[in-house]
Amino acid sequence: MVRRCLVTFKPFRIFVVGIGFFSLCFLMTSLGGQFSAKRLGDSPFTMRTEVMGVVESRGVLRKISDMLEVIMKRVDSLSRLDNTSDSRRLDELSSAINRMQPAGLVERIQAIAQNVSNMAVRVEQILQNSMAAGRAVRDGTTGQCEIPRDPRYPDCPGKVEWMRARWTSDPCYAFYGVDGSDCSFLIYLSEVEWFCPPLAWRNHTTPPTPKKSSTKRQAAFRTDLSSLLEQVGTGKESLSFMKRRIRRLAAQWSTAAQRLDSKLHRRWREQKKILVHVGFLTEESGDVFSPKVLKGGPLGEMVQWADILTALYVLGHNLKISVSVKELQGFLGVPPGRGSCPLTGPLPFDLIYTDYHGLQQMRQHMGLSLKRHKCHIRVIDTFGTEPAYNHEEYATLHGYRTNWGYWNLNSRQYMTMFPHTPDNSFMGFVTEELNSTEKRSIQLNKVRNMAVVYGKEVSMWKGKERFLQILHRYMEVHGTVYYETQRPPEVPAFVKNHGLLPQHELQTLLRRAKLFIGFGFPYEGPAPLEAIANGCVFLQPKFHPPHSSLNHEFFRGKPTSREVSSQHPYAEQYIGPPHVITVDFNNSDEFESSVREIMRSQVEPYLPYEYTCEGMLERVHAYIQHQEFCIPEAPFPLANSSRAWQGNPFVRLPNSTLLGWASNASAPTCWPPLSALRLLESAEGQSCVDACRGADLVCEPAFFRFINNKDALVRLEVQCEAVESEMNHIFPAFSVQRRECGLQKDPLLFSCAGLSPKYRRVCPCRDFRRGQVALCRDCL
């Protein structure tokens, strides 16, 4: 009987709550529509004329309260009905209401009720502000709220006019005490924002905003990942995938932590407060990845994020993880609303790791504060962002504006999956490392005529029949294509398809296979490195011409002009033969010859150090300890200082044609250290990326400010009839034919990637550690 009563009573309660809701609508109507803020010119809480008297308003509230109390008493009496006749009546009423009830009505009414509750609180605040305004009139203080005309605050009058028209457009203004009066506007614009001068009559003895604690804590390496697994949370298949990966690699992370701690001689490291906001997994961004985890969707981003979380945690930092906008707001302490108001306190984090989706969400909810705090942000960016696309004004004027980019960050704040864009920082990920016993076992059990195709989605197999037929002449072909019911016709019958495999089963398959073959897509994923680490040869197509945003739909709109020469440029350039073979797949003879050569070859498992757990920990540790974008870089040459050297700071290096930095030349402290600098010029139409690579070096954007001067041009023996400074992502550069030289005017446009057929670039290169291209030899 109790269960039946509850079942029949639920819709009846909905009906009663509906009555309560319409009663509260009467409250809003009684207040003259003062909760409507759709028209920008209407100020629903304007205190001059619209708000009714305090006594009258409270009378309405009291009447509504009494009405709701009567309704709830009636509900209680009805809930105690227990005879058959009354129960039958309730059943009939329930059935009728169910026929009228739209889906989700309960949730909607609950949400409306919460909003109405918030409105009621705000009404009380308005009434209190009304009384305060009345007192101000009696006390004669309203004259103190005249709009100031102060030349030091030229925007103040315009901002006040804006507030008069639009202060109701965002609840955050009311949160900071804005009530529609000019006094509240001036208080807000002088104390929360900074557009108006401080008001002399305000009490400025209130406690100052608490500052970050100056006490520094030591970061200690962690080997137990249980707390991290709890922080990652549940509820999404993507999170479950990440947790499985963290568990599987836990032992390797632990060993790597012990090795790096020993390599660093257990030196003291400061613990940072770090927020990781994975924007692409939030519901607000659509979270298109989670539903595809079990259907062959892309996993590269989740692999990288799982490894970033683990690296930061193992390094001993204070970590918070957010996968929703609500969590982001809570961690940052942003005021409620739509992001129009700034944060008033200090940012509670030293570093924030996010992606482009998260960056958009932070701009929406942090408002003006994002500009002040963006130096703390690190953007995980798979394909990279070049300076010409990052600079908002320059990108807009010169055709580099895309849906991404234009954030005016330091280009090194973007962190990539592979080291393809030296203007950015290389974050990377981790590939499972084999011990010596496992390597020997793999070499003994390799099947020389077994190939695995790189492609979990059916679309990746379309149009590949010719290659597959050639491959089938020599090898047994295996696939891991996902499909739900019927085998897709794009996968030939001779292919042994295993379906979508769990990671450990895929590892087993790769350890037996001789060849891992890609057909051109996906670009730059983690799978080829996993295959090479398990002893496979990776065979991939060379692109003629290279793919880029100019000729390929996949790259169109991405904030980079980078030309991709093969499916996996890192594997081609940094690993190469015999582990990686890159050929023209349009040449059948070359393709077939490569397959035969691979079958005859003997290849050991190989994994670059930078993709081991230790390599990633070492790299992330160096970034956290040395990269600082919140302190403005000191200008160079130093203003009002005499040189500590005679002549030019650049000297010819011993037994080399390259130029280096003179050991006795003074300069601001920087990272990487200037001892790693190598100065050279590019060919016409060549970028500094290619020029440095040609000298077995890496372009280093941190060094541009030291070579953006006439001293570098003189030492390179450049003939300049004129030297101009302008915003141009090609500069510093020079034209041999016209004898024109250009220096960079805006540091945000220092670019390793820029090139022009008319100019030779002045390039700041550096050395690097083998297997760890992100770090110079003296960088750790």
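Two exercises follow, each with a worked solution.

The model is predicted; local features need pLDDT of at least 70 and side-chain atom pairs pLDDT 80 or more, while totals for chains, interfaces and linings use all residues. Residues are numbered from 1 along each chain as its sequence is written, and side-chain values use heavy atoms, leaving out hydrogens and water.

**Exercise 1.** Describe how α11 and α23 pack.

*Solution.*
1. Locate the helices: α11 spans residues 300-314 and α23 spans residues 613-626. Helices are DSSP runs of H or I with at least four residues, strands runs of E with at least two, numbered from the N terminus.
2. Take the geometry. The angle is about 70 degrees and the axes are 10 Å apart. Axes are lines fitted to C-alpha atoms, for helices over the stretch in contact, and angles run from 0 to 180 degrees between N-to-C directions.
3. Classify: α11 is therefore roughly perpendicular to α23 (65 to 115 degrees).
4. List the contact (heavy atoms within 4.5 Å). From α11 come Asp-307, Ile-308, Ala-311, Leu-312 and Val-314; from α23 come Met-616, Leu-617, Val-620 and Ile-624.

**Exercise 2.** Trace the sheet and place α11 on it.

*Solution.*
1. Write the order: the open sheet has six strands, β2-β1-β3-β4-β5-β6, with parallel pairing. Paired strands share at least two DSSP bridges.
2. Find the edges. β2 (318-322) and β6 (425-426) each have a single partner strand, so one side of each lacks a neighbour in the sheet.
3. Check one pair: β1 (residues 273-277) and β2 pair in the parallel sense over five bridges. Leu-275 has Lys-320 in β2 as its bridge partner.
4. Add the helix. α11 packs on the sheet and touches β1, β2, β3 (351-354), β4 (377-380) and β5 (414-416). The direction of α11 makes about 170 degrees with that of β1.

Methods:
Parallel < 35°, antiparallel > 145°, perpendicular 65-115°, else oblique.
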